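Here is a short briefing on the structure shown below. Topics run from the surface and the overall fold to the cores, the charged pairs and the sheet.

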Amino acid sequence: MSRRLRSDIRINAILRTAQGAGGFGVVLHKGHEEAGIIYLLHRTKNIYTLLVENSSSPPEQSWRSCLNDASVEEVEKFIAKERQFDRDLWVVEVEECDLTLFLDS
């Protein structure tokens, strides 16, 4: 049985990874500290990619794509819909860094 790290610890790791790569990260929606699912929003100019943490897969496949090349309106609509069903979810936005930094972790 494998124990997962708390969500707030994983969020801190995401933010530090972005900062360490010369980028920026911010929590847009704070979820449950221990077990909230994490959505990772990557922004390049005004184009967004949204990934969701895939907790049931092996570590090398830890993120699943939800939206690609999306507008801010599409992202907001998607997150609002998800939050209707799961108020404990986290949304963290990163920018000015390579998205593959997070795909390998």
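Buried means under 20% relative accessible area, exposed means over 50%, and partly exposed is what falls in between. Val26 has a relative accessible area of 30%, so Val26 counts as partly exposed. The model is predicted. The protein has three helices and five strands. Their order from the N terminus is α-β-β-β-β-α-β-α.

**Overall figures**

- The protein has 105 residues, and 38% of them count as buried.
- About 6800 Å² is exposed, with carbon and sulfur atoms supplying 50% of that area.
- Among contacts with a separation of 6 or more, 65% are between residues 24 or more positions apart.

**Surface patch and the start of S1**

- Val26 belongs to strand S1, residues 24-29.
- Phe24, Val26 and Leu28 make up a nonpolar surface patch. Together they have about 240 Å² of accessible area.
- Ala21 sits in the loop that runs between helix H1 (7-20) and S1.
- Ala21 has a relative accessible area of 39%, so it is partly exposed.
- Beyond its neighbours within four places in sequence, Ala21 is in contact with Glu96, Cys97 and Leu101.
- Ala21 and Glu96 are 75 residues apart in sequence, yet their C-alpha atoms are 8.4 Å apart.

**Nonpolar cores**

- The largest nonpolar core has 14 residues. Ile14, Ile38, Leu40, Trp63, Val92, Val94 and Phe102 have the most contacts inside it.
- H1, strand S2 (38-44) and strand S5 (90-95) each supply at least two residues of this core.
- H1 gives the most to this core, with four residues.
- A second, separate core has 11 residues, including Tyr39, Ala70, Leu89 and Val91.
- Val92 has contacts beyond its neighbours within four places in sequence. Among them are Ile11, Ile14 and Leu15, then Val26, Val27 and Leu28, and also Ile38, Tyr39, Leu40 and Leu41.

**Salt bridges**

- Side chains of opposite charge can pair when their charged atoms come close.
- The structure holds six salt bridges.
- Arg10 and Glu53 meet through their side chains in one salt bridge, 2.8 Å from N to O.
- This pair links distant parts of the chain, with Arg10 in helix H1 and Glu53 in strand S3 (residues 47-53), 43 residues apart.
- Both partners, Arg10 and Glu53, are buried. For Arg10 the relative accessible area is 16%.
- Leaving aside neighbours within four places in sequence, Arg10 is in contact with Arg4, Leu5, Gly36, Ile38 and Glu53.
- Arg43 forms a salt bridge with Glu95, and their closest N and O atoms are 2.9 Å apart.
- Arg43 lies in strand S2 and Glu95 in strand S5, so this pair ties together parts 52 residues apart in sequence.
- How covered are the two partners, buried or partly exposed? Arg43 is partly exposed at 26% relative accessible area, whereas Glu95 is buried at 15%.
- Arg6, Asp8 and Glu34 are joined into one network by salt bridges that share partners.
- Within that network, the side chains of Asp8 and Arg6 meet at 2.9 Å, N to O. Arg6 counts as partly exposed, at 34% relative accessibility.

**S2 and its partner strands**

- In a regular strand the side chains alternate between the two faces of the sheet.
- S2 is mostly covered, with five of its seven residues buried.
- S2 and S5 run parallel and are joined by six bridges.
- Leu40 stands opposite Val92 in S5. Both Leu40 and Val92 are among the residues with the most contacts inside the largest core.
- S2 pairs with S3 in the antiparallel sense, over six bridges.
- Tyr39 stands opposite Val52 in S3. Tyr39 is included in the second core.
- S2 and S3 form a hairpin with two residues between them. Lys45, in the turn, has a positive phi of about 55°.

Notes
Residues numbered from 1 in each chain as written. Predicted model: local features only at pLDDT ≥ 70, side-chain atom pairs only at ≥ 80, totals over all residues. Heavy atoms only, no water. Patch = residues over 30% accessible without salt bridge, like charges linked within 9 Å, V, L, I, M, F, W, Y side chains within 5 Å. Areas by Shrake-Rupley, 256 points an atom, 1.4 Å probe, with all protein chains shown as cover. Salt bridge = Lys/Arg side-chain N within 4 Å of Asp/Glu carboxyl O. Buried < 20%, exposed > 50% of the residue type's maximum accessible area, 1.4 Å probe, protein only. Contact = heavy atoms within 4.5 Å. Core = buried A, V, L, I, M, F, W, Y, C linked by side-chain atoms within 4.5 Å. Pairing = 2+ DSSP bridges.
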